[in-house]
Amino acid sequence: MDSFIPSAILVIVLMKTRSIIAAMIAGLFGACLLAAEGNVIDAVLGLSGSLGRAIGESEAAMLAFLTLLLGATFGIMEHSGQVNTLKYIAGRFFRSNRLVLLAVLLAGLLTSFDDYLNMLSRSAILRSWPGDKRFQRFAAVMIIVSATAFSLIVPISTSMFFLLIQAHKLGLVQQAGLSDLEFVVQTISQNFYGWVVICVLAIAGLFPFKPTRKSGHTRPPAQEDIPRLNQSMLQPGNSMSTTVTWPDICMMLFIPLGLTSIALFLIGWTGWESSSTANNANIRLRFLEALAQGEGTLSLFTSAGLVLVVLSVWILLQRRLPLNELTEGASRGIYDMLPAVMTLILSWAFAIVLIEDLNFADQINHLIGLLNISKAIAPAIVFLTITTMGAILGNTWSAIAVGLPFVTGFISIIDADSLMTLVGACAAGACAGETLSPSSDMRVITTSAFQISDVEGLGLQLRLCLLATVITCVGYVLAV
């Protein structure tokens, strides 16, 4: 069972350094050292080679660049003051703590194509909402928990494409006998944790705060809070239909809706010719088949690029920013996403060495045979194991990269119908692990943004997440 040693190294370094990147590098080097049978020079060369293999595939490279494009988009939004439009909408339309929490929870689905963008955009709304410390603490926890869960229950998301790419490398998609779209949809339907989190947060948002009168929460935003909005719009009696505010609002809606719509169109376009000609008479069925066969990662990458171009041109035409400041905002956004991209590449490389060089799946299969694990409890074991991995790693992508090879070890004791339950349990465990992890980068960023201490946020976070984890585990026990 020497393939477990790199994971142990990863955990130890993570506990000592609190850095997921340092831990991934240490674990990757340990895996390469085992694969090289102790030869340090070969291990160093193997580490470089694994990184090359990780980014050598076109889909992997596009997913990495997609993350940077989304970072550039949000960097421009923030630098140009577009994010303040969200603050204005929050202060103008929301009437109570309950309404703002539920509205933002639903709005999170619009930006779930990337968990960081989801977290940052919703933080912009909730941070501007006047409320006491208790409300701010719950708002921060809601973002941490739901942003991660949303990213694995939305078909067009970076996390889902990462899982799909990893599943192709392991042959899980082929073994399931499904198209890419069917594989993603069934994974989402079997990700019980994501759906449980939505229900728990929606219910929790109804009870902890008393209704607040409109006068207490609809003060006009201060001038320093929204420096780029037309000053006349800050007056209470003015209409919303001015030439300044409506374009801002429309552009804010265009970013998530436009990205999703364009991506779906391009996926259908790239799969149209390869779809069955037997469905010519039924355009709807042929389009669904085209979606199943289209180029998902390429389409989402292209869509993100088009949205970034449209946003940049609009800001330049509106004279919100000169060209040099526009590029500066994009650069800052890209810089903020570099740790995420580095984690993504290291996760790929780590999984490649475990799968291809150390035969991790075969060793898991042997261990399962020794323990005589039954089919009935396999989904629950997968969920709890990957939840533990995710809690230690503090990162969804890393938990998926290590967890999917673990899933393949159960193939010998399950049938084809149960395979997708295990894949869904892997996605659910990755979600649950990050939300339970004290070292999650999303938790650190969000609590810092809300100026909430670790103790204040972590207590409520663990209560909600442990409840969702227990409910999910029971669901997987009953699923098979």
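Helices are taken here as DSSP runs of at least four residues, numbered from the N terminus. In this predicted model, Gly 171 follows just after helix 9 and adopts a positive phi of about 80°. Helix 9 itself comprises 13 residues and spans 19 Å between its first and last C-alpha, close to the 18 Å expected at 1.5 Å a residue. Because eleven of these 13 residues are buried, helix 9 is largely enclosed by the rest of the structure. The buried set runs without a break from Thr 158 through Ser 159, Met 160, Phe 161, Phe 162, Leu 163, Leu 164, Ile 165 and Gln 166 to Ala 167, and is completed by Leu 170.

A search for aromatic pairs across the whole structure returned four. In one of them, Phe 162 is paired with Trp 397, the ring centres lying 6.0 Å apart; the planes meet at 40°, and the pair is therefore classed as tilted, since this angle falls neither under 30 degrees, as stacking would require, nor over 60, as an edge-to-face arrangement would. This pair connects distant parts of the chain, for Phe 162 belongs to helix 9 (residues 158-170) and Trp 397 to helix 20 (residues 396-408), with the two positions 235 residues apart in numbering. Both partners are withdrawn from the surface: Phe 162 is buried, with a relative accessible area of 0%, and Trp 397 is likewise buried, at 4%.

A second tilted pair is formed by Phe 265 and Trp 269, whose ring centres are 5.9 Å apart and whose planes are inclined at 35°. Here both residues are located in helix 14 (residues 245-272), four residues apart, which corresponds to about one turn of the helix. In an α-helix there are 3.6 residues a turn, so residues three or four places apart point the same way. With a relative accessible area of 49%, Phe 265 is partly exposed, because the value does not pass the 50% above which a residue counts as exposed, whereas Trp 269, at 61%, counts as exposed.

Ring pairs also join Phe 192, Phe 383 and Tyr 476 into a cluster. One member of this cluster, Phe 383, is in contact with Thr 469, as are Tyr 193, Ala 432 and Leu 436, when neighbours of Thr 469 within four places in sequence are left aside. Thr 469 is situated in helix 23 (residues 454-479) and has a relative accessibility of 8%, so that Thr 469 counts as buried.

Note on methods: Residues numbered from 1 in each chain as written. Predicted model: local features only at pLDDT ≥ 70, side-chain atom pairs only at ≥ 80, totals over all residues. Heavy atoms only, no water. Phe/Tyr/Trp six-rings, centres within 6.5 Å; stacked < 30°, edge-to-face > 60°. Buried < 20%, exposed > 50% of the residue type's maximum accessible area, 1.4 Å probe, protein only. Expected span 1.5 Å × (residues − 1). Contact = heavy atoms within 4.5 Å.
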